Amino acid sequence: MDLDGFDRKILALLQADASLTTAQLAGAVALSPSQCSRRRIALEAAGLIAGYRAELDAHLLGYGVEAFSRVTLAAHSETVVDDIAGFFDALPEVRMAYTLTGDADYLLHVQVRSLDELASFVHRRLLPHPMVAQVRSDIVLQRVGRPKGVPI
């Protein structure tokens, strides 16, 4: 899909505030509401807008510990990759999982309520899995800035 200036502005505005109504969006990009709605629907249909969500404050909701855990697998095969991906996806503590190059196979973004909960997560959920050989975690001391989204 070729994006013009209107499409890029719509994407940027929605990325900053997904709660904008069509009328608000149309006013901000100087299009009629119907034109803006058609463009938004086309951007969604093309997959450029993957979804809408509210960004919640994890700390205010009681999740005071954020960590990144590097997981090394004991073995590698197509079955293991599928199984471990499903395992990570089913863990509510895991906000996002990434496959990596380098000395670890996966990087997990983890959010828990306390250090005790992090220890329990690592020792009782991750390490007992038969395909997990090693887990190394780094605890976030402080976030600097906010998520920026995709450059448009």
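Which residues are linked with Asp4 in a network of salt bridges? In this predicted model, the network joins Asp4 to Asp7 and Arg39, and a search of the whole structure finds eight salt bridges. Alongside these charged pairs, the model contains a largest nonpolar core of 20 residues, a second, separate core of eleven residues, and two aromatic pairs. The points below take these features by topic.

**Nonpolar cores**

- Within the largest nonpolar core, which has 20 residues, the members that touch the most other members are Val71, Phe88, Leu108, Leu118, Phe121 and Leu126.
- Two or more residues of this core come from each of strand 1 (65-73), helix 4 (78-90), strand 3 (106-112), helix 5 (115-126) and strand 4 (132-139).
- The second core, which is separate and has eleven residues, includes Leu11, Ala26, Leu31 and Cys36.
- When neighbours within four places in sequence are set aside, leucine 126 is in contact with Phe87, Phe88, Leu91, Leu108, Phe121, Val132 and Val135.

**Aromatic pairs**

- The structure holds two aromatic pairs, and one of them joins phenylalanine 87 to phenylalanine 88 in a tilted arrangement, with 5.8 Å from centre to centre and 45° between the planes.
- Phenylalanine 88 also pairs with tyrosine 106, and because the planes of these rings stand at 70°, with centres 5.2 Å apart, the pair is edge-to-face.
- This pair links distant parts of the chain, since phenylalanine 88 belongs to helix 4 and tyrosine 106 to strand 3, 18 residues apart.
- Both phenylalanine 88 and tyrosine 106 are buried, and the relative accessible area of phenylalanine 88 is 2%.
- Through these ring pairs, Phe87, Phe88 and Tyr106 are linked into a cluster.

**Salt bridges across the chain**

- Arginine 39 and aspartate 4 meet through their side chains in a salt bridge, with 2.9 Å from N to O.
- The two residues stand 35 residues apart and link distant parts of the chain, with arginine 39 in helix 3 (residues 33-45) and aspartate 4 in the segment before helix 1 (5-16).
- Arginine 39 has a relative accessible area of 23% and is therefore partly exposed, and aspartate 4, at 30% relative accessibility, likewise counts as partly exposed.
- Arginine 125 forms a salt bridge with glutamate 93, in which the closest N and O atoms are 3.0 Å apart.
- This pair also links distant parts of the chain, with arginine 125 in helix 5 and glutamate 93 in the loop between helix 4 and strand 2, 32 residues apart.
- Arginine 125 counts as partly exposed at 34% relative accessibility, whereas glutamate 93 is buried, with a relative accessible area of 11%.
- Aspartate 103 forms a salt bridge with arginine 136, and the closest N and O atoms of the pair are 2.9 Å apart.
- Because aspartate 103 lies in the loop between strand 2 and strand 3 while arginine 136 lies in strand 4, this pair ties together parts that are 33 residues apart in sequence.
- Aspartate 103 counts as exposed at 56% relative accessibility, whereas arginine 136 counts as partly exposed at 28%.

**Residues of helices 1 and 3, and the loop before helix 3**

- Phenylalanine 6 is found in helix 1 and counts as partly exposed at 34% relative accessibility.
- Setting aside neighbours within four places in sequence, phenylalanine 6 is in contact with Val29, Ala30, Leu31 and Arg39.
- The C-alpha atoms of phenylalanine 6 and cysteine 36 are separated by 8.6 Å, although the two residues are 30 residues apart along the chain.
- Alanine 30 lies in the loop between helix 2 (22-29) and helix 3, where its phi is near 60°, a positive value in a residue other than glycine.
- At 66% relative accessibility, alanine 30 counts as exposed.
- Arginine 40 has its place in helix 3 and counts as buried, because its relative accessibility is 12%.
- Beyond its neighbours within four places in sequence, arginine 40 is in contact with Leu14, Ala18, Leu20, Thr21, Thr22, Leu25, Ile49 and Tyr52.

**Nonpolar surface patch**

- Met96, Tyr98 and Leu100 make a nonpolar surface patch of about 270 Å².
- Tyrosine 98 lies in strand 2 (residues 94-99) and, at 39% relative accessibility, counts as partly exposed.

Terms used:
Residues numbered from 1 in each chain as written. Predicted model: local features only at pLDDT ≥ 70, side-chain atom pairs only at ≥ 80, totals over all residues. Heavy atoms only, no water. Core = buried A, V, L, I, M, F, W, Y, C linked by side-chain atoms within 4.5 Å. Buried < 20%, exposed > 50% of the residue type's maximum accessible area, 1.4 Å probe, protein only. Helix = DSSP H or I, 4+ residues; strand = E, 2+ residues; numbered from the N terminus. Contact = heavy atoms within 4.5 Å. Patch = residues over 30% accessible without salt bridge, like charges linked within 9 Å, V, L, I, M, F, W, Y side chains within 5 Å. Areas by Shrake-Rupley, 256 points an atom, 1.4 Å probe, with all protein chains shown as cover. Salt bridge = Lys/Arg side-chain N within 4 Å of Asp/Glu carboxyl O. Phe/Tyr/Trp six-rings, centres within 6.5 Å; stacked < 30°, edge-to-face > 60°.
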